[in-house]
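Here is a short tour of the model you have open. Take a look at it first, and then we can walk through its cysteines, its cores and a hairpin.

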Amino acid sequence: MDEFVFVSGRLCLDLAGTKLWRRGLRTELLTSPSDVSRWISQAELLDDPGPMDTRGLERVRRLREAIYTLVRSWPPGDPSDAEFGDALAEVNEAARLPPPRHQLDASGRLTRTGGVDEVLGAVARDAVDLLSSAQLAKTKECANPDCTRLFVDVSRSGARRWCGMAECGNKHKAASYRKRKKQQAVMEV
């Protein structure tokens, strides 16, 4: 099973990153309810998300698309845009849901419980926080022309270009290296 990638610096952007290559192949990583359960576990939102149904899958996907729409078009240029208004309503509605329940047992072990409502609430509140914070200005899209993953650039220089080195950064570096080597070989002939 593939692992999900958490390189965006924000929970809401990591969820938005579960749909890849939006300009081309449009790779869907949340294809089944069990994929959503795996993402929830790997995001450490709930200890045991339990069984997910197709309705939960669709709710998570709707929130994901709303977050992506808002982050890409914020601040709103045309507040009467129906897609923007629907996305804003989706995020605000989910942000009103309860957060996951956190408790400590006598040994100090944290337990996180809840269901799809609590997950949606946590992710939506993170999106609201991002959209209303100075971090939004540091939000970028990966420099790989095929990749559409969003991330918050908290690097000291503010020059981060790739969603992650293991994904797009290393691929670009390897391709650049091969191109330089090929050009050197041609020049030596």
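## Cysteines without disulfides

Let's begin with the sulfur atoms: this predicted model contains zero disulfides. Cys 147 is a good example to inspect, as the nearest cysteine sulfur belongs to Cys 168 and is 3.8 Å away. A disulfide needs two cysteine sulfur atoms within 2.5 Å, so Cys 147 is in no disulfide. Is Cys 147 buried or exposed? Its relative accessibility is 4%, and because buried means under 20%, Cys 147 counts as buried.

Cys 163 is worth a visit too. This residue sits in the loop that runs between strand 6 and helix 6 (165-188). Its relative accessibility is 0%, so Cys 163 counts as buried. Which residues does Cys 163 contact, leaving aside its neighbours within four places in sequence? They are Val 7, Cys 142, Cys 147, Arg 149, Phe 151 and Cys 168. Although Cys 163 and Cys 147 are in contact, their C-alpha atoms are 8.3 Å apart, with the two positions 16 residues apart in sequence numbering.

## The largest nonpolar core

The largest nonpolar core has 39 residues, and the members that touch the most others are Trp 39, Leu 45 and Val 123. Two or more residues each come from helix 1 (11-16), helix 2 (33-42), helix 3 (54-73), helix 4 (82-95), helix 5 (116-131) and strand 6 (150-152). Helix 5 gives the most, with nine residues.

For a closer view of the packing, try selecting Val 123. Residues up to four places away in sequence aside, Val 123 touches Leu 11, Cys 12, Leu 15, Trp 39, Leu 45, Leu 63 and Ile 67. One of these partners, Cys 12, has a relative accessible area of 0% and is therefore buried.

## A second core

There is also a separate core, made up of six residues. Among them are Cys 142, Cys 147, Phe 151 and Cys 168. Those four names may look familiar, since each of them is also on the contact list of Cys 163.

## The hairpin of strands 3 and 4

Next come two strands that you can follow residue by residue. Strand 3 (residues 101-104) pairs with strand 4 (residues 110-113) in the antiparallel sense, over four bridges. Arg 101 is opposite Thr 113, while Gln 103 has Thr 111 as its bridge partner.

Five residues lie between the strands of this hairpin. What sign does phi take at Gly 108? The value there is positive, near 90°.

## Aromatic rings and a loop residue

Two aromatic pairs are present in the structure. A charged side chain also meets a ring: Arg 22 lies over the face of Tyr 68, at 3.7 Å from the ring centre.

A last stop is Asp 53, found in the loop that links helix 2 and helix 3. With a relative accessible area of 47%, Asp 53 is partly exposed. Its C-alpha atom is separated by 9.7 Å from that of Ser 37, and these two residues are 16 residues apart along the chain.

Technical notes
Residues numbered from 1 in each chain as written. Predicted model: local features only at pLDDT ≥ 70, side-chain atom pairs only at ≥ 80, totals over all residues. Heavy atoms only, no water. Phe/Tyr/Trp six-rings, centres within 6.5 Å; stacked < 30°, edge-to-face > 60°. Lys NZ or Arg CZ within 6 Å of the ring centre and 35° of its normal. Pairing = 2+ DSSP bridges. Buried < 20%, exposed > 50% of the residue type's maximum accessible area, 1.4 Å probe, protein only. Core = buried A, V, L, I, M, F, W, Y, C linked by side-chain atoms within 4.5 Å. Contact = heavy atoms within 4.5 Å.
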